[in-house]
Structures are given as C-alpha cells and as structure tokens.
Amino acid sequence: MPSAVCEGLAGSELRPRRGRCGPQAARAAVPEEAAEAAAQSPKRPAPGSRPSEAACRWVLLALVTLLAFATRFYRLDQPPHVCWDETHFGKMGSYYINRTFFFDVHPPLGKMLIGLAGYLSGYDGTFMFQKPGDRYEHHNYMGMRGFCAFLGSLLIPFAYLTVLELSKSLPAALLSAALLTFDTGCLTLSQYILLDPILMFFIMAAMLSMVKYNSCADRPFSAPWWFWLSLTGINLAGAIGVKFVGLFIILHVGWNTVSDLWHLFGDLSLSLVTVGKHLTARILCLIVLPLALYTAIYAVHFAVLSQSGPGDGFFSSAFQARLSGNSLHNASIPEYLAFGSVITVKNLRMAIGYLHSHRHLYPEGIGARQQQVTTYLHKDYNNLWIIKKQNTDSDPLDPSFPVEFVRHGDIIRLEHKETSRNLHSHYHEAPLTRKHYQVTGYGINGTGDSNDFWRIEVINRKFGNRIKVLRSRIRFIHLVTGCVLGSSGKVLPKWGWEQLEVTCTPYLKETLNSIWNVEDHINPKLPNISLDVLQPSFPEILLESHMVMIRGNNGLKPKDNEFTSKPWHWPINYQGLRFSGINDTDFRVYLLGNPMVWWLNLLSIALYLLSGSVIAVAVQRGAHLPGEVEGLAQVLLRGGGQLLLGWALHYFPFFLMGRVLYFHHYFPAMLFSSMLTGILWDTLLRLCACGLAASSLASRVHMGGVLSLLLGTAYSFYLFHPLAYGMVGPLAQDPQSPMAGLRWLESWDF
C-alpha cells in the first residue's frame, strides 16, 4: 500500500459519534474487525500534531483569505451607478439612516446592517435609489458595497475551515475554497448592496460553528464546546433575521441536533441526568438564544424606524398611530363609534387602502350606471363616510338627540360625505370579479332604497358590543343579498382611475379582503381620547409585521419584462440575470455562475449519490474494508452527507413555493455543493491512488488530479471574469465580441 498518500487515511476518519468519549466510545464507534484492519495499516500522527502541518494550514488559510478579498474588492466602485436590487436595499439602508418607516417582505437585519455600514462610512442617506442606472455622483456608496464585499469574502475561508474540519484534508479544503473564489456568480453577488452576501455569511458561519461544536463532542460542556454551540445559535438568528430562507439552515442544524441527542440517549455509559444537561444546553443555545436575538432585532427595527414613511399603508391603523408624522400619531378622536359619526374605513388586507367613492359613474355595460365605489391607498376627502341609521333621516348630531352608539349587529347606512350617495349593492355583476356583486353609490342626498342597508358585525364579538376605532375588526353584510363588502385587490381600468375594485362577495368566509377597521372618526358629541391608549403592544406589532411580510411574499408576482427562472434551471446554470446594462454602449454586468464550477458541482452530486450508495450498501452488508478505505468511507458518508443535506434543504423547498423566483435564490445551495465537490474529488482521487502499487505514482495521481481541478477552475474564471467585473462593447451575439465564443448556451443573454 503506498504510504505517501494512504498512510493517514485511517486517521482521516471522522471522530467517534458525539457524546461518546474515551476507549468505550472508540470501541462503540468502530467495529472490532475494522479496528483490527486499521491497526494493521500504516498510520501517521493525528492531523495537527506536527507543527509543520499546522503551519501549512494557517498559511493556506491566509492565502485563501487574501485571494478572496482581492477578487471581491477589485473594481468594487464599478459601475458607479445603481445596479439591479441596489435600488431596493440601498434605499432601505437610507430609510434606516433617516429613521423613515418602510415595508419589505424580508426581516430587517440585513437592511439594518447595510444602513449602519452606510452611516459609519459617511453616507448621509440622501440618495434616492430610484431606478437601476442612476449615477451615485458625489454620494458615498462604497461603504455599503464594501460591507457586502467584506462578508462575501469571508465565505471562502469559512468554506475552507468547514471542509477541513469535516475531511481533515488540506487538498479538499483548498479545492472547495478555490471553487467559490473563482465562481463568477458568487463574486458578482458579493460586490453590490444586496442581502445575499449577508444571508450567505450567516448560513456559512452557522454551518462552520455547527461542525466545530460537533468536533468538541469528546469535551462536552468545555469552554470551546459552549462557545461554538452558542455561536451556532447566534448565526441562526442572523440567518433568519436577514431572509426567511434562513429557516433552511435552522432545519439543518435542527436535524443534526436531533441526531446528536438520539445517539447520546443510546449511549448507556451516560446517565439520564447528563443526557438532560445536553438537551437543556441545546434548548438554551439553539432555541432560546436565537429567539431572543431575533426578537431583539425587531425591537431595534421598530425603535429606529419611528418616522412616518412609505410603509405606513401596509399596516393597520393602530400600528400607524405609533409613527411620528402620521396623521394618527398623538391624535385625539372619540373611542367608540356612534350614529352620525364621520369615519374612514380601511381594509385590513395589505395594500388595499380605504373605502372610497367619487362622482364618476361606472361606464355603459359595466353593471348599473351608478357612482363608482373603490378602494384608494392614500388619504383623501373622498374616503369620508357618515354612518346613519337604517330608516331615519333625522340628524343624529342634533344636540336634542342623545348619543346612540353603533353596536355589533346593528343595521346601518353609509352615506358618502362628499356626494351624499349611499353605499349600495345589488345583483349586478362586479366589474372585474365574476360571481361577485357590484358595489355603487346610490341615492340623492342620502335617500335611496333597501339595497343601501348593511349589517355591521365585529369579528369574534357578541351582539350588543360597541365598536372601537382602530381596534375592532368589522364586516359589512348586505341585508338584501346577504353578500359581504370587500375588495378583490384587482386594479380597475382607466375609467376607474386605476384604483382597486370593491365588490360584495356571496362567499361568507372571513378573509382579510372583507375585514375592515374604522380609522378616522369625527363626532362633536363624543369626548376625544388620545390614540396612545389604543396603540398595540410590542408582541402585537411583532405578530402583525410577520403577517404582513408573509402576505407580501405570497403576493410577489413577476413584473413586466422581468427575467424570472425555475428551480430546475439553477443547478445547470441555464440562465443568468442582468445586473447592469443592456446595449453595447452600456457597462454590462451579468450574474452567471462559472460554468466549470457549476457543472462540476452538478456532476459531483450525481457521483456522490452513486459512490455513497455503493459504500453504504457495502458497509451494511458487512463488507471487509481496509482501514484506510474505511476512513475515507466515513469522511465521504458523514462529512459529505452533511453537505448533501445542506444542499438539498437549500434547494428543493423552492419547488414548493408559489412566489416569483430568481436565479440568485440558488446560491446558498451552491455553497454546499461546492464544499461537497471538494470532499468528493479529494476522496475519489485518494481511493484511486490507494490502488496503485508505487508510492510516488500514487502521490502524483492524487496531487495531479487536485492541481488539474484547481487550474481548470482558475482558467475558466479567467475566461468568464468580464461577466462579473463588467463588459463594454459588442454583445456576445456579435462575432466581433470578445465574449462571442463563450456563449455556450443560447439562454445566456450577455
């Protein structure tokens, strides 16, 4: 057996299962026959025991890190204009600096960190980030790009350390780091003001921390064990605090933890008290700590964004009352609704707005030619309605009449204040939504017919309960048809001023489309109270913000002329994404993975499934493996299995998502596939080398194979680097373009 390559293969074997330490654990982890075979094979000292090897690891780590930072910070200032989603996340960073409230479908940590980076680097938050292509001019954008590039650069040393810990192989760690260093896609994502490098930083940090605390399993409850376990929890909070897809790394760590605890439970050398301590430690560090940090992120978010802004309309009226500058902030209005009150009624579904009417009529052929009723996102006098009794024209504001509160179950009329027409419905079909009934404004000076009567209901309340402004969730049931007032959310044509359709739905199921609350409330006969007493508590606004984000994510649809993709496109690098520029005179940046890296990763996943299955079947059938081969098998099955699980968890859930998807969603999974590629090819080359008789030839086969992969990856990066660093001149379709010969797929549009 060639000692130069295979002498340490038995030593490459992963540590015994977590929670088992000492001779008993070693005997439990390795079958007796394998132990004998391993004893007969040549071994070298455990990795890291020789100072020269440890020094080599640190030197390589330094070189890998230096190359990562060099590639990510090279030409970071180019192009000096807004690229792709910088228009969103740069703008949101500005909102934090200006303390202006906004809405986004992602949790706040990533945008907060971008805003903090901009603030610390001297950016004043005044750039508008209106659209891609807007030049930054004198505004300092480099701090925010530099922060994202810094985190993107750290992905490479994290991958190096993770693979080194899983495989105990320097070539495998170096190959994994090279694949990520020379990937044009990872490079592009790291150079702009985006959430992706921040998300991937926390995902990789969580993975590295998990692997590190697994390696401390023979020293439970030691200082390093607590450090890495706690750091794993911190990174999990960071990942889910940037994007909800951070849940996938939480599932990964959760699976590892459950497996860990199950094996500890089966270790009869441990008392149940000790197992209970292990369980408690993981609950504290991997559940309680991340939840506390995640909640703290939102506490900071709400504290910083205290000024009214463009996100107000997505949230409830009670939520808006918190925001300085909002019309509801520090306002005083009557608390309970009474007949004669002038009110505005707001729909609880996100981005629907206020019940609204105006003097324009529905056009011919669109139901009855009566006054239009819509919803409108902005505050307007045409949002005002007077709440009146069912069958009386007497003025309830007359001082001689006592105050009569509106209660759950009362029959009312809503009269539009500006036009004196009643809210009305009938059996005519709604303008856009079939099987729903049309809602109109009808009557003269408040006089109409029986189709103007509505029963007001408070959700989950008893008959007779009064209706509280801001807080009560109400529905309007049409008395004649039995339908429920709601908004479909569909945009009306130009004749409806592109406002949103209001209908009366015969389907009585409670949905946010048909639930409203009273916001503005004017009644001179009632005492005013400060809205401060009606403001929601922190748990309420935390829950509301998550409901709004979830609805926002589910409602994401492709925009006109926007490039979207399908999950099956991603691993094969089928289609990229334009970051900047379209024409040959533009500075063009195109998000596309390095083809050699991506196709090698795809091949590696297939090879891993094949080789891993063969080895697993052989082990299960009791096949006798030499000690060095068993060491490699354990590296492949355990270390590679962890990475394959990470890839699968970060990829396959996208097939179940109904929202719009983009190419960049695959990059967290790509990190795991690149690390798997490093372990797989190093292991396969070592196995090939073990079959050779000559020690020198075996060493040359192994190192030659690794070097070929490194050089091939670097050369592919040299060919495709203009995609990341920018291109000017003829498009790839032009034979004169330097990129003409590199358009290997018709779907690559650079």
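**Talking through the predicted model**

Colleague: Let's start small. Which helix is I114 found in?

Modeller: Bear in mind that this is a predicted model. I114 falls within residues 109-120, and that run is helix 6.

Colleague: And is I114 buried or exposed?

Modeller: Beyond its neighbours within four places in sequence, I114 is in contact with F89, G93, M144, F147, C148, I193, L194, L195 and I198. The cut-off for buried is under 20% relative accessible area. I114 has 0% relative accessibility, so it counts as buried.

Colleague: How many Å apart in space are I114 and G146, C-alpha to C-alpha?

Modeller: In sequence, I114 and G146 are separated by 32 residues. In space, their C-alpha atoms are separated by 9.9 Å.

Colleague: On to helix 7. How many of its 26 residues are buried?

Modeller: Helix 7 takes in residues 142-167 and reaches 38 Å from first C-alpha to last, close to the 38 Å expected at 1.5 Å a residue. The helix is largely enclosed by the rest of the structure, because the number of its residues that are buried is 22 of the 26.

Colleague: Which residue with a positive phi follows helix 7?

Modeller: Helix 7 ends at residue 167. The residue that follows has a phi near 55°, and that residue is K168.

Colleague: What about helix 10: how many of its 20 residues are buried?

Modeller: Helix 10 covers residues 196-215, reaching 29 Å end to end by C-alpha, close to the 28 Å expected at 1.5 Å a residue. It is described as largely enclosed by the rest of the structure because its count of buried residues is 19 of the 20.

Colleague: The UniProt annotation has a "transmembrane region" feature. What percentage of residues 701-720 is helix?

Modeller: According to the UniProt entry, which is unreviewed, that annotation covers several spans, including 142-163, 194-213, 666-689 and 701-720. Residues 666-689 come out at 96% helix and 0% strand, with end C-alpha atoms 34 Å apart. For residues 701-720, the ends lie 29 Å apart, strand is 0% and helix is 100%.

Colleague: How far apart do the C-alpha centres of domain 1 and domain 2 lie?

Modeller: The domain assignment gives domain 1 two segments, 57-300 and 577-725, while domain 2 is 332-530. The chain's C-alpha atoms fill a box of roughly 110 × 75 × 50 Å along the principal axes. Within that, the C-alpha centres of domain 1 and domain 2 are separated by 52 Å.

Colleague: What percentage of residues 403-459 is strand?

Modeller: The unreviewed UniProt entry annotates 334-390, 403-459 and 464-521 as "domain: MIR". In the model, residues 403-459 have end C-alpha atoms 24 Å apart, and the span is 0% helix, with strand at 44%.

Colleague: Which residue's side chain makes a polar contact with the side chain of H521?

Modeller: H521 lies in strand 13, residues 516-522, and it counts as buried because its relative accessible area is 3%. Leaving out residues up to four places away in sequence, the residues it touches include I333, Y336, V469 and L526. Its side chain reaches the backbone oxygen of P334 at 3.0 Å. Side chain to side chain, the polar contact is 2.8 Å and the partner is S341.

Colleague: And which residue's side chain is joined to that of N326 by a polar contact?

Modeller: N326 sits in the loop between helix 14 (317-320) and strand 1 (332-334), and at 8% relative accessible area it is buried. Its side chain also reaches the backbone nitrogen of L328 at 2.9 Å. The side-chain partner, at 2.9 Å, is D312.

Colleague: Where should I be careful: in which helix of the chain is confidence lowest?

Modeller: The chain averages a pLDDT of 86, with 91% of residues scoring at least 70. Over residues 1-48, though, the pLDDT is below 50, even though that stretch has 95 contacts beyond near neighbours in sequence. Where pLDDT is low, the predicted coordinates should not be read in detail. Confidence peaks in helix 11 (residues 223-242) at a mean of 96, and the low, at 36, is in helix 2.

Colleague: Last one: what percentage of the 750 residues of the chain count as buried?

Modeller: The chain has 19 helices and 16 strands. Of its contacts with a separation of 6 or more, 76% are between residues 24 or more positions apart. The share of residues that count as buried is 55%.

Conventions. Residues are numbered from 1 along each chain as its sequence is written. This is a predicted model: local features need pLDDT of at least 70, side-chain atom pairs count only at pLDDT 80 or more; totals for chains, interfaces and linings use all residues. Side-chain values use heavy atoms; hydrogens and water are left out. pLDDT is the predictor's confidence in each residue, from 0 to 100. Helices (H or I, at least four residues) and strands (E, at least two) are DSSP runs, numbered from the N terminus. Contact means heavy atoms within 4.5 Å. Domain bounds come from an automatic or database domain assignment. Buried means under 20% relative accessible area, exposed over 50%, partly exposed in between (1.4 Å probe, protein chains only). The expected span of a helix is 1.5 Å times one less than its number of residues. A polar contact is a pair of N or O atoms within 3.5 Å; within protein, one must be able to donate a hydrogen and the other to accept it, and residues adjacent in sequence count only if both atoms are side-chain atoms. UniProt positions are given in the numbering used here, feature names are shortened, and annotations may be inferred rather than shown by experiment.
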